[in-house]
Amino acid sequence: MSEIKVPAMGESITEGTISRWVVKEGDSVSQGDVLLEVETDKVNIEISAEESGVITSILHQEGDTVQIGEAIALLEAGAGAKESAATSAPAPEAPAPAAPAPTQAPVKSEQKDVGGENGSPKASPSARKLARERGIDLDQVQGRDPIGRIYQDDVKSHGSVPAAPAAAPSKPASAPAAPKEQASFSKPVDRQKMSRRRATIAKRLVEAQQTAAMLTTFNEVDMTAILDVRKRRKDKFKEKHDVGLGFMSFFTKAVVGALKQYPTVNAEIDGDDIILKKFYDIGIAVSAKEGLVVPVVRDADRLSFAEIERNIGELASKARTNTLSLNELQGGTFTITNGGVFGSLLSTPILNAPQVGILGMHKIQVRPVAIDDERMENRPMMYIALSYDHRIIDGSEAVRFLVAVKELLEDPESLLLEG
């Protein structure tokens with residue numbers, strides 16, 4: 001009998017949530033077969049069988065939080081395991097052809113997973129183990145599952161209220177009920193548990209606002225020149241490089257040029273030290289089904305327009321199919337986010353810690369612009385926003401950085417020199 005354990009998934013990942021079991025108890029699997037999917041705060045990982053055999057026991061259910069290295073299932077390895085599984089039902093017929101005999105294995109499996117026949121509460125194996133370790137009576141634990149099943153988190157929640165079971169057996173049942181009454185609604189609602197990624201996004205955004213002295217400065221860009229270049233060059237660009245000429249390559253090049261002029265915006269804070277980074281790994285925020293992710297374009301200063309567009313396209317496709325690797329999400333030095341694709345006219349982006357700067361792009365909107373004291377023209381304008389950490393970036397530096405981005409974008413030919 002061998003244990004199936006949660007594999008190491010990266011230095012910063014210590015736990016995950018089982019989002020989906022592909023197999024069930026009693027299933028035969030071959031080496032390399034996908035057994036389950038584990039959701040982490042960065043990516044979803046498929047765990048495969050390292051050897052062939054039969055899944056004899058699943059120790060953690062969907063929705064359970066599991067630690068790296070923790071056993072989540074048991075597997076009986078080898079071809080013999082498959083044979084024993086296939087012949088386990090007829091075996092009892094040799095001594096006595098009793099009808100109940102073939103049901104012995106399923107009954108034991110059910111008792112292990114959901115409780116015995118003596119009226120004990122339904123609980124997952126991990127919940128039972130934790131309850132035994134903490135000396136908690138499962139009869140006193142309030143489960144949140146609609147069918148009454150008790151999970152590990154229910155035991156943890158119950159265990160977080162010390163001395164209540166000893167004081168009065170009736171109080172633990174009423175104490176957990178209070179929050180439910182406070183959160184009750186008189187009209188229909190749909191309560192959904194946050195995914196691990198959404199919960200992590202929420203936590204990190206709040207941390208960024210609480211730990212950084214974050215300010216935002218704004219400017220606007222006349223997009224006439226870039227639109228003209230794209231109009232004249234997009235067909236030949238597509239024909240030569242087999243990729244479209246979008247706006248992101250222009251903005252990435254402009255950001256790199258401005259970062260070279262103002263290196264503190266490409267830094268991060270480490271205790272009392274400032275780390276000035278001499279490389280330009282630009283994060284591009286992408287909206288995916290599970291929430292916002294920020295894959296990184298490595299060494300953007302060394303890439304051509306076509307290479308930047310190709311990298312961004314590939315990373316965005318992986319983000320939407322949930323196939324990004326950890327390496328593709330880690331180590332960015334500055335981030336660009338484009339709310340304009342959703343119609344945003346103006347916003348204040350939140351820092352992607354530990355980075356100290358993020359550029360927000362917005363919708364291109366035709367507006368009347370004063371050309372000089374006498375002339376007005378309708379121009380395609382875009383508001384841009386720079387959120388920055390005021391702890392190491394002064395306001396004047398932030399403003400000048402954004403002006404540099406604006407000037408580079410309004411003179412696209414200069415990007416060839418700056419890039």
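Two strands are taken to pair when DSSP finds at least two bridges between them. By this criterion, strand S3 (residues 28-29) and strand S6 are antiparallel partners, joined over 2 bridges. The legends below describe close-up views of a predicted model.

**View A. Overall composition of the protein, with 13 helices and 19 strands.** Of its 419 residues, 40% count as buried. Among the contacts in the protein with a separation of 6 or more, 62% are made by residues 24 or more positions apart.

**View B. The open sheet with strand order S1-S8-S6-S3.** Its 4 strands pair in the antiparallel sense. Strand S1 (2-5) and S3 are the edge strands, and each of them pairs on one side only. Strand S6 (residues 53-58) is joined to strand S8 (residues 71-77) by 5 bridges, and the two run antiparallel. Val-54 of S6 can be located by its neighbours in the sheet: Ser-28 stands opposite Val-54, and Val-54 also stands opposite Glu-76 in S8. Because 5 of its 6 residues are buried, S6 is largely enclosed by the rest of the structure.

**View C. The open sheet with strand order S5-S4-S2-S7.** This sheet also consists of 4 strands with antiparallel pairing. Strand S5 (44-48) and strand S7 (65-67) lie at its edges; each has a single partner strand, so one side of each is left without a neighbour in the sheet. From one strand to the next, the twist averages 40 degrees. Strand S2 (residues 15-21) pairs with S7 in the antiparallel sense over 3 bridges. Within this pair, Thr-17 stands opposite Thr-65 in S7.

**View D. Helix H9 (residues 224-241) and its bend at Arg-233.** For the 18 residues of H9, 1.5 Å a residue leads to an expected span of 26 Å; the end C-alpha atoms are 24 Å apart, which agrees. The helix bends by about 55 degrees at Arg-233. Just after H9 comes Asp-242, with a positive phi of about 60 degrees. Asp-242 belongs to the loop between H9 and H10. Because its relative accessibility is 63%, Asp-242 counts as exposed.

**View E. Helix H10 and its buried residues.** The 14 residues of H10 should span 20 Å at 1.5 Å a residue, and the end C-alpha atoms are 20 Å apart, which agrees. With 12 of those 14 residues buried, H10 is largely enclosed by the rest of the structure. The buried residues include Phe-250, Phe-251, Lys-253 and Gly-257. Thr-252, Val-255, Val-256 and Leu-259 are likewise among them, and these four are also touched by Ile-282.

**View F. The largest nonpolar core, with 54 residues.** In soluble globular proteins, nonpolar side chains tend to be buried together. Within this core, Ile-282, Phe-334 and Phe-401 touch the most other members. The largest share of the core, 8 residues, comes from helix H10 (residues 248-261). Leaving out residues up to four places away in sequence, the contacts of Ile-282 include Pro-295, Val-296, Val-297, Ala-300, Thr-333, Phe-334 and Ile-336. Another core, of 20 residues, lies apart from the largest one, and its members include Ile-18, Val-23, Val-66 and Leu-75.

**View G. The loop between helix H11 (305-320) and S16, containing Asn-322.** Most residues other than glycine have a negative phi, and most peptide bonds are trans. Asn-322, although it is not a glycine, has a positive phi of about 60 degrees. With a relative accessible area of 27%, Asn-322 is partly exposed. The residue shown in View D offers a second example of this backbone geometry: phi of Asp-242 is near 60 degrees, a positive value in a residue other than glycine.

**View H. The cis peptide bond between Ala-353 and Pro-354.** The omega angle of this bond is about 5 degrees. Pro-354 is found in the loop between strand S16 (334-338) and strand S17 (357-361).

Terms used:
Residues numbered from 1 in each chain as written. Predicted model: local features only at pLDDT ≥ 70, side-chain atom pairs only at ≥ 80, totals over all residues. Heavy atoms only, no water. Buried < 20%, exposed > 50% of the residue type's maximum accessible area, 1.4 Å probe, protein only. Axes fitted to C-alpha atoms, helices over the stretch in contact; angles between N-to-C directions. Expected span 1.5 Å × (residues − 1). Bend = angle between axes of the 7 residues up to and from the residue. Core = buried A, V, L, I, M, F, W, Y, C linked by side-chain atoms within 4.5 Å. Contact = heavy atoms within 4.5 Å.
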